Every structure is written in structure tokens, then in C-alpha cells.
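I am opening a notebook on a structure that is new to me, and I will write down what I look up in the order in which I look it up.

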Amino acid sequence: MKHFFFNFIFIISFFLLTGCKKNETTEVAASKIPQNSIEYASGLSIVKRDGYSVVTVSNPWPEANKNFKYILKEKDAEVPDSLQNYTMIKVPLESVVVTSTTNIPFLEMLDVENKLTGFPHTDYISSEKTRALIDKGLVKNVGQNEKLNIEQLIELSPDLIVTFGVDNNNPMLDNLKKSGLNVLIQGDWMEQSPLGKAEWIKLYGALFGKEEKAKELFDKIVESYNQAKKLVAGKPVSSTVLYGSMYEDVWYVAKGNSWVAQFMKDAQANYLWSDLKGTGSQGLSYEKVLDKAKTANAWIVTGSFKTLDELQKANPHYSEFDAFKNKTVYTLESKFGATGGTIYYELSPSRPDLVLKDYIKIFHPDLLPGYEFTFAIKLN
């Protein structure tokens, strides 16, 4: 009986020990499985492997019918046969052409703006740092987004062209690829999360071999954004907000799941169309907007207005809103670069923390007494 008891104890101990070892082995193995480094962006995945990264861009435009996968290959790295059919991009890049001003801050934040060799309609770029490169002739104007100068791009021969599409019919993208140019489709403009847009800096970190710097910069933006949110956490929602303006005969308001509406929510403001489901914008008649927002005590107007007189000249009916009468009208789109580019369009996607602070300054001015607007101006 005693012999049986010791055998029983030994067997139980053996299984407990081997079970622990198996769990430890499983945990170690799991920790070695490459993980997606993206936390907030819904349309981007970056998986770092030994000598290369697998980048997947999903939902690059509305109702996209496919995803795009790219292999960022470091020198002398071996890429499995199963990945050979995807677009292969040698990294770190030595030259790049980008086609959206929202990409410029990412390049500058990573100190690789000198790798930029071409951009469509360079007047749109506002940043003084990159404008200096343009003025020196180091960044060429390569046409328009919808009609890029392919001959000039072939002559420039950049390591990569980062561009975007708007729907499933993209003849320009096809022409670029047929010309033997390396093209990467970016979908940051589809992100509705403020931090999701900003996280696309990690793509540029991977392209230029600066993953750690990109993560460090993004983590600081996340920290800054969350600190701003904490300022208003639990504060009463005292502002009812009208958004937008007329375009021809239609007033476009941001839908409740849009990038703009998320800022309003995080800034503790009562955005009047927060219950309008979906992303993007909704076209409404002037009468419907007036009926709902006549008594709103804040108005974030879209457009490059600088004074209330300018606003009223654009449409005399604007003066019917209480926000107009009380002079509580703001815009984020009236600050420009030296050649007319809108600073908000260029910088805001990469610095959502600054956008949020602007909104908090508008809706809860007592919480940021020493803060000066980055983008916003008040119309007088």
C-alpha cells in the first residue's frame, strides 16, 4: 500500500512538472510568433520577421474589393517562396515620391524629408522644412494626383511611390505599375480613429528602417492625446455644436462615426449629429440644419473664412444662427503655408493631440488657459 502511494505521488508530480514545462514551452513559442505592431489603425498591419516585414493595407478606399500586401525586404534577407508573388520593396528606402500632403509630416518627424524627390502640385505643401527643399529644386513637381507625369517619374526613378486610390477603378495606378515603377497604396485617409490615422507613421518607420523612432514618436502622441482627454473626463457637456457650411445648395455635416465626430466626443462636446450613423458626411438642406442647430452655442465652420463678414457674404442666411450672433464661430482651415497650402489638411492627421487640444480650448477654455490654437481661429 505504501509502495502504491509513493508511485501515485510520483506520477502526479511528473505530470504536474511536465505540464508546467509544456506551458512554459508554449508561452515561449507564442512569444516568438511575429505580432502585428499596429494597435489603432484598422487598415494597416505590419508584421516584422527576420530580415523583412509583411505590410498589409486593407480598406484603402470605400468598398475596396481587395487588400494589398507588400514585402519590405532588407539587404541579403531571405524571403519565403510563399511571399515571392507580392510586391517586393527594398528597404531602407533611399528615395520616395508621395502624393498626399498628410505624408509630409511623417517624413519630417522621422528626419527623412531629404529622401523625398517628387510630389504632385508642390504648392500644396505648407511645411517650411520641405518647402526649402522644393525651393532648392530637390523635390520635383510631378503633375496632379489624377494625372501624374509618368515620364518624369521614370526619370526620377524613386525607390517607391506612395499613393492612394479613391475607388476600384484606378487606371493611373495601373499605368504606374506597367511603367515598372514600385507603387504602394496607402489608406490612412480612410481611418476614422484620430490615433488610427496618426499610427500610419509606423509604415514610414518600416520603409526607412526607423521602426523604433516611429514607435517612440507615436507613443508620445498617444500619451499627449490621452492626457488631453483626461482634462475633460467627467466635465459637464456645456457646448452644443453645429458643424460644416453650405456647398452650393447642400450643407454637409460629419456623420457620427467620423473622424471629426470622434474629436467632438473626446472633447466632451454635444455634437448635434453624433447620432447620425456612418462615416464621412451627410448632405442636408439649409432648412433642416437651421431647425436643428439654430440655438447651438458653438459652430465649427468648414472653409477658409477669417471673419464673420466673409462668412455672411458667402451666405446671408448664416446670420440666423445663434452662434453667429454670439460670435462663437471657429474654423480650423484658415491657416496657410507660403504657397497657399492648408496647414490643417497637412498636419492634423499626424497630430490628433493638437487637434483635440484646439477643440478643448474652444469648448472648455478654462481647462487650457495658456494654450494657443494650433489650427483654429475665432471669426470676428
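**Entry 1, the whole chain.** I began with burial, and I find that 47% of the 380 residues of the chain count as buried. I note for myself that this is a predicted model, and that every value below is computed from it. The chain has 14 helices and 19 strands, and its C-alpha atoms fill a box of roughly 95 × 65 × 40 Å along the principal axes. I also looked up how far along the sequence the contacts reach: among those between residues at least 6 apart in sequence, 58% join residues at least 24 apart.

**Entry 2, strand 10 and its partners.** I turned next to strand 10, residues 160-163, where L160 and V162 point one way while I161 and T163 point the other way, and all of them are buried. Strand 10 pairs in the parallel sense with strand 5, residues 96-98, over three bridges, and in that pairing V97 stands opposite I161. Strand 11 also runs parallel to strand 10 and is joined to it by three bridges, with L184 of strand 11 as the bridge partner of V162. Together with helix 5, strands 10 and 11 make a right-handed β-α-β unit.

**Entry 3, a residue in the loop.** Between helix 5 (171-178) and strand 11 (183-185) there is a loop, and L181 has its place there. Is L181 buried or exposed? Its relative accessibility is 10%, and because the cut-off for buried is under 20%, L181 counts as buried. Leaving aside residues up to four places away in sequence, I find that L181 touches L153, I154, P158, I161 and L176; I161 is one of the strand 10 residues from the previous entry. I also looked up a distance to D266, which is 85 residues from L181 in sequence and 42 Å from it in space, C-alpha to C-alpha.

**Entry 4, helix 9.** D266 led me to helix 9, where W259, V260, A261, F263, M264 and D266 are buried. Since six of the eight residues of helix 9 are buried, the helix is largely enclosed by the rest of the structure. Just after helix 9, Q268 takes a positive phi of about 60°.

**Entry 5, an open sheet.** I then followed three strands that form an open sheet in the order 13-14-16, with antiparallel pairing. Which strands stand at the edges? They are strand 13 and strand 16 (281-284), and each has a single partner strand, so one side of each is left without a neighbour in the sheet. The antiparallel pairing of strand 14 with strand 16 runs over four bridges, and in strand 16 it is S281 that serves as the bridge partner of A254.

**Entry 6, the largest pocket.** Last, I looked up open space, and about 1,400 Å³ of it lies in the largest pocket. The lining consists of 43 residues, and those nearest the centre of the pocket are T102, W189, K197, W259 and Y345; W259 is also one of the buried residues of helix 9. Which elements each supply at least two residues of the lining? I find strand 10, strand 13 (246-247), strand 14 (250-254), helix 9 (259-266) and helix 13 (343-347), and the largest share, three residues, comes from strand 14. By class, the lining has 19 nonpolar, 19 polar and five charged residues. The pocket thus brings back elements from my earlier entries, including strand 10, strand 14 and helix 9.

Note on methods. Residues are numbered from 1 along each chain as its sequence is written. This is a predicted model: local features need pLDDT of at least 70, side-chain atom pairs count only at pLDDT 80 or more; totals for chains, interfaces and linings use all residues. Side-chain values use heavy atoms; hydrogens and water are left out. On a 1 Å grid over the protein atoms alone, a cavity is a set of points where a 1.4 Å probe fits but cannot get out, and a pocket is an open set with protein on both sides within 12 Å along at least five of seven lines; lining residues have an atom within 4 Å of a point. Grid points are joined across faces, edges and corners, and a volume is the space filled by probe spheres set on the points. Ala, Val, Leu, Ile, Met, Phe, Trp, Tyr, Cys and Pro count as nonpolar, Asp, Glu, Lys and Arg as charged, and the others, Gly among them, as polar. Two strands pair if DSSP finds at least two bridges between them. Buried means under 20% relative accessible area, exposed over 50%, partly exposed in between (1.4 Å probe, protein chains only). Contact means heavy atoms within 4.5 Å. A crossover is right-handed if, with the strands pointing away from the viewer, the path from the first strand over the helix to the second runs clockwise.
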